[in-house]
Amino acid sequence: MVQYLNKYFASVFNKTKEDLRDKGSMTNGNEDMEVDITISEVEAKLKQLNGTKAGGPDNLHPRILKELAPKIASPLARICNESVNSGVVLYDWRIANIVPIFKKGKKRDPSNYRPVSLISVVCKVLEKILKEKVVKDIEVNGKWDKIQHGFTKGSCQTNLISFFEKVTDFLDKGNAVDLIYLDFSKVFDTVPHGEL
């Protein structure tokens, strides 16, 4: 079954075209800015983990990490800081277990499954901390583009309000408004992430 699903997922994935691939070089960490991830930030995120979720390929289950949060927050904070400030992601954090999730239709048809990547829970904790730091920095320093709604608190609501205001403004001026809604089926299964 694993080979059957793997063959299908590989067949629908588009390979990145060489001419579209980023030709940039690797950086040597964050030379202009050092990130400081505190023990309390790591401990707080570990305590928020859902103990019923699946663990990653490193076999560190969220429930164990949650229960050991006060004891392991300090060494994990050091590891996270070293990773971020050196620009090197640990090899174990780059490995994922792919789990097929059934969506709908016939269970025998591999196209009715969506591949989900289970990554290291510790890496997800680091990602959450970094996301919060980036968003806070952008909001505090006012570098946030007012038409950017994705990945912000209340993004669906602010996007709808902005859209509604523009449509209302066009209609008040006697203009017509046409809308086109697109839904790309299984887009993350088929679009090369490098090209995105």
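Two residues are in contact when heavy atoms of theirs lie within 4.5 Å. The exercises below use this idea on a predicted model.

**Exercise 1. Describe the overall make-up of the protein, from its secondary structure to its surface.**

Solution. Begin with the elements: the secondary structure comes to seven helices and two strands, and along the sequence these follow the pattern α-α-α-α-β-β-α-α-α. Next, consider burial, where 22% of the 196 residues count as buried. Then turn to the contacts between residues at least 6 apart in sequence, of which 62% join residues at least 24 apart. Finally, the accessible surface of the protein comes to about 15,300 Å², and 57% of this area belongs to carbon and sulfur atoms.

**Exercise 2. Find the largest nonpolar core, say which elements supply it, and list what Ile 37 touches.**

Solution. The largest nonpolar core has 20 residues, and those with the most contacts inside it are Ile 37, Val 42, Leu 46 and Leu 65. The elements that each give two or more residues to this core are helix H2 (39–47), helix H4 (69–86) and helix H5 (121–141), with H4 providing the largest share, seven residues. As for Ile 37, once residues up to four places away in sequence are set aside, this residue touches Val 42, Ala 77, Cys 80, Asn 81, Val 84, Leu 126, Ile 129, Leu 130 and Lys 133.

**Exercise 3. Decide how the buried residues of H2 are arranged around the helix, and name the helices they pack against.**

Solution. First collect the buried residues of H2, which are Val 42, Glu 43, Lys 45 and Leu 46. Seen down the axis of H2, these buried residues fall within an arc of 165°, so they line one face of the helix. A general point helps in reading this result: an α-helix has 3.6 residues a turn, so residues three or four places apart point the same way. In the last step, look at the partners, since the buried residues of H2 pack against helix H3 (62–67), H4 and H5.

**Exercise 4. Examine Asn 59, giving its place, its backbone angle and its exposure.**

Solution. Asn 59 is found in the loop between H2 and H3. Its phi is near 60°, a positive value in a residue other than glycine. For comparison, most residues other than glycine have a negative phi. The relative accessibility of Asn 59 is 68%, and because this value is over the 50% cut-off, Asn 59 counts as exposed.

**Exercise 5. Work out where Ser 117 sits and which residues, distant in sequence, it meets.**

Solution. Ser 117 has its place in strand E2 (residues 113–118), and with a relative accessible area of 44% it is partly exposed. Leaving aside neighbours within four places in sequence, Ser 117 is in contact with Ala 96, Asn 97 and Ile 98. Taking one of these partners, Ser 117 and Ala 96 are 21 residues apart in sequence but 5.6 Å apart in space, C-alpha to C-alpha.

**Exercise 6. Locate the nonpolar surface patch that includes Tyr 181, then describe Lys 166.**

Solution. Phe 163, Leu 179 and Tyr 181 form a nonpolar patch on the surface, and together they have about 360 Å² of accessible area. Within this patch, Tyr 181 lies in the loop between helix H6 (155–172) and helix H7 (187–190), and at 69% relative accessibility it counts as exposed. Lys 166 is found in helix H6, where its relative accessibility of 48% makes it partly exposed. Lys 166 and Val 177 are eleven residues apart in sequence, while their C-alpha atoms are 9.8 Å apart in space.

Definitions and conventions: Residues numbered from 1 in each chain as written. Predicted model: local features only at pLDDT ≥ 70, side-chain atom pairs only at ≥ 80, totals over all residues. Heavy atoms only, no water. Patch = residues over 30% accessible without salt bridge, like charges linked within 9 Å, V, L, I, M, F, W, Y side chains within 5 Å. Areas by Shrake-Rupley, 256 points an atom, 1.4 Å probe, with all protein chains shown as cover. Salt bridge = Lys/Arg side-chain N within 4 Å of Asp/Glu carboxyl O. Helix = DSSP H or I, 4+ residues; strand = E, 2+ residues; numbered from the N terminus. Buried < 20%, exposed > 50% of the residue type's maximum accessible area, 1.4 Å probe, protein only. Core = buried A, V, L, I, M, F, W, Y, C linked by side-chain atoms within 4.5 Å. Arc of directions from axis to C-beta.
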